[in-house]
Amino acid sequence: MDTIVKNIRKEILNIAYLSKSPHVGSALSCVEILSTLYFKVLNIKKPINIDRDRFILSKAHAAMALYATLYHKGFLEKKGLYGYYQNGGTLPAHTDRFTHEYVEISAGSLGHGLPIGLGIAHAMKLQGNGSNVFVLMGDGEMQEGSIWEAAMLAPKLNLTNLTVFVDHNNLQGYGRATELVEFYPVEEKWQSFGWDTQTINGHDSNAIENATNKKSDKPKAIICKTTKGKGVSFMENELKWHYYIVTKEHLEKAINELSV
Amino acid sequence: MRNSVANLIKEKAKTDKNLFLITGDAGLGVWDTFKLEHSRQYINPGVNESLCVGMAAGMALMGHKVIYYNIAPFVIMRPYEQIRNDICYQELPVILVGTGSGVTYAPAGMTHYAVEDIGIARTMPNLNIFSPADPIEARASFEYAYSSKNPSYIRLPKSGEPTIHISQEIDITKLQIIKPGKDVLLLTHSSMIEEVQKAQTALKSENINATVATMPMLNSKDSSLLNAVRQHTHIFVCEEHFASGGLGSILIDRLNTEGVLKQVHKIAIKNKYIHAIGDRSYIRQYYGIDSKSINKSVLKALKRG
């Protein structure tokens, strides 16, 4: 897993450099969550299977992490990956489901993924389909009211097939989630809404896998403590890497660090 | 109209187990039997419009036919961005049914009126927009939406509107000529048909034989509307909607695109927030869109007033 994780990070940096696109810190933050899901948890195959588990990237500004993971999983061609953010290219900065069959939803505006994921999970239950839905959102995204609309309904619908990951890197666009709002206690917020809640190290693949596989009779919320810009020393926990652009020097230095 | 659509949804639900109804805690009495007979297909998530629309999108992504029902402002205004991103951008054939078009719910207040919803709906390129004038048009609108690959927005006034069509079988994509006349075309949609019909009768005594027509599918690309416009000298669009953004605006844009030079008179509500208090008839009178005002506007335009 370590090699996969490092390779995904390198690919994120490569396409961020080639495209001069922002949000590299947000993408680096959730690599273990995505790689663990795609390599160890999700029932998802090639060619694409209709009964697959659904991964919903609600924090769609981290789309580079999804694209790099799909590439390393063998679901996305190199040409497709390198057409990211280019004129006449293949993949946009925020996901568009019509650009690739493994991109489940069109997203980019925060607070949309969980209501959609809830609808998918409810439909799966109605269809007697044993598949699962995994929604990844940012910690800043928890400020969106629609999250709590869905949080209040999911336990009522008994959506035990729905899991939410909160990428808690404590750095949003212009500040820290814990300073902007009353973020803590966070586990208790989800718990009080009727969710099975865990807090884990979001960079520990085993912890992510265990938390995901935990049996529960409630929908699950997994608060993943993460570091924005993870894996690249000068990007880690730095607000500016939400929007900063990767230069050639940055890229070389970062790739060196990830090659150790 | 509301009941005719609700009954049609009930009929469909009997045979189509893939059909689901999401109501945003709305429709007192309308869904009682649906809820009893099709409990699996009835979802009331509560007072949470963003969630209702997002959830509808999620279910539609899984292949379900989903109808979201609420009063018009809570269908298309409150969760506008969810409709844009989750439904329309993702090309999901969800059917949005909004009741209380225009000032139907007067004197409920501006928050409960839908006098700019057509303008909003028009911004979404693949959204079918319907504003039926009677139960037959309402049913035909729903039938079209039900089989369409595109999402749809159906705005309805309330229940109890009279039937104006004689034939049950109408082509909803076309202009509906309710009363043929000549020279003057009175074009309308939704429950404003009653004011327009009254105005048409009154105009007769002035020797003006106006055509009354409805355009239930507001953004239909069918040529029947432009043909009718070409055949008349004076065009009036009468609508219980803001003057900017409604059918009048849609028509002017179309005429402009097609290079048809013709003046369109809008008889509609001025683009201002409504603070006047009174029932629908009062509000129509207050804003100059009732039958008498239509009559006056036509005479004035024809320089007989």
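This note sets out, in numbered points, selected features of chains A and B.

1. Basis of the note. The structure is a predicted model, in which local features need pLDDT of at least 70, side-chain atom pairs count only at pLDDT 80 or more, and totals for chains, interfaces and linings use all residues. Residues are numbered from 1 along each chain as its sequence is written, while chains are lettered from A and ligands numbered from 1 in the order in which they are written.

2. Strand β2 of chain A. Helices (H or I, at least four residues) and strands (E, at least two) are DSSP runs, numbered from the N terminus. Strand β2(A) covers residues 133–138, and 6 of its 6 residues are buried. A residue is termed buried if 20 or more other C-beta atoms lie within 10 Å of its own, exposed if 12 or fewer, and partly exposed in between, with C-beta atoms placed from the backbone. In a regular strand the side chains alternate between the two faces of the sheet. Here Val133(A), Val135(A) and Met137(A) point one way, Phe134(A), Leu136(A) and Gly138(A) point the other way, and all are buried.

3. Partners of β2(A). Two strands pair if DSSP finds at least two bridges between them. Strand β1(A), residues 54–57, pairs with β2(A) in the parallel sense over 4 bridges, and Leu57(A) has Leu136(A) as its bridge partner. The pairing of β2(A) with β3(A), residues 162–168, is also parallel and spans 6 bridges; within it, Val135(A) is the bridge partner of Val164(A). From β2(A) the chain passes through helix α7(A), residues 145–153, to reach β3(A), in a right-handed β-α-β crossover. Right-handed here signifies that, with the strands pointing away from the viewer, the path from the first strand over the helix to the second runs clockwise.

4. Strand β3 of chain A. All 7 of the 7 residues of β3(A) are buried. One side carries Leu162(A), Val164(A), Val166(A) and His168(A), and the other carries Thr163(A), Phe165(A) and Asp167(A). Towards β2(A), Val166(A) has Met137(A) as its bridge partner. Strand β3(A) is also joined by 6 bridges to β5(A), residues 220–225, and these two strands run parallel. In that pairing Thr163(A) stands opposite Lys220(A).

5. A partly exposed residue of chain A. Gln191(A) lies in helix α9(A), residues 186–192. Gln191(A) counts as partly exposed because it has 14 C-beta neighbours inside 10 Å. Its C-alpha atom is separated by 10.0 Å from that of Lys218(A), 27 residues apart along the chain.

6. The sheet of chain B. In chain B, 6 strands form an open sheet with parallel pairing, in the order β2-β1-β3-β4-β6-β5. Strands β2(B), residues 42–43, and β5(B), residues 128–130, stand at the edges with a single partner strand each, so one side of each is left without a neighbour in the sheet. Strands β5(B) and β6(B) run parallel and are joined by 3 bridges; Ile129(B) is opposite Tyr153(B) of β6(B).

7. Helix α1 of chain B. This helix, residues 2–15, has 14 residues and reaches 21 Å from its first C-alpha to its last, close to the 20 Å expected at 1.5 Å a residue. The expected span is 1.5 Å times one less than the number of residues. Its buried residues include Ile9(B) and Ala13(B). The buried residues of α1(B) pack against several elements of chain B, among them β1 (19–23), β3 (65–71) and α7 (135–147).

8. Helix α3 of chain B. Helix α3(B) reaches 18 Å over 13 residues, close to the expected 18 Å. Since 13 of its 13 residues are buried, α3(B) is largely enclosed by the rest of the structure. Gly63(B), which follows the helix, has a positive phi near 95°.

9. The contact between the chains. Residues are in contact if their C-beta atoms, placed from the backbone, lie within 7 Å. The contact takes 20 residues from chain B and 18 residues from chain A. On the side of chain B, α3(B) gives the most, with 9 residues.

10. The nonpolar core. A nonpolar core is a set of buried Ala, Val, Leu, Ile, Met, Phe, Trp, Tyr and Cys residues joined through C-beta atoms within 7 Å. The largest has 170 residues, and those with the most contacts inside it are Ile12(A), Met64(A), Tyr67(A), Ala56(B) and Tyr68(B). Its largest share, 9 residues, comes from α3(B).

Methods:
Contact = placed C-beta atoms within 7 Å.
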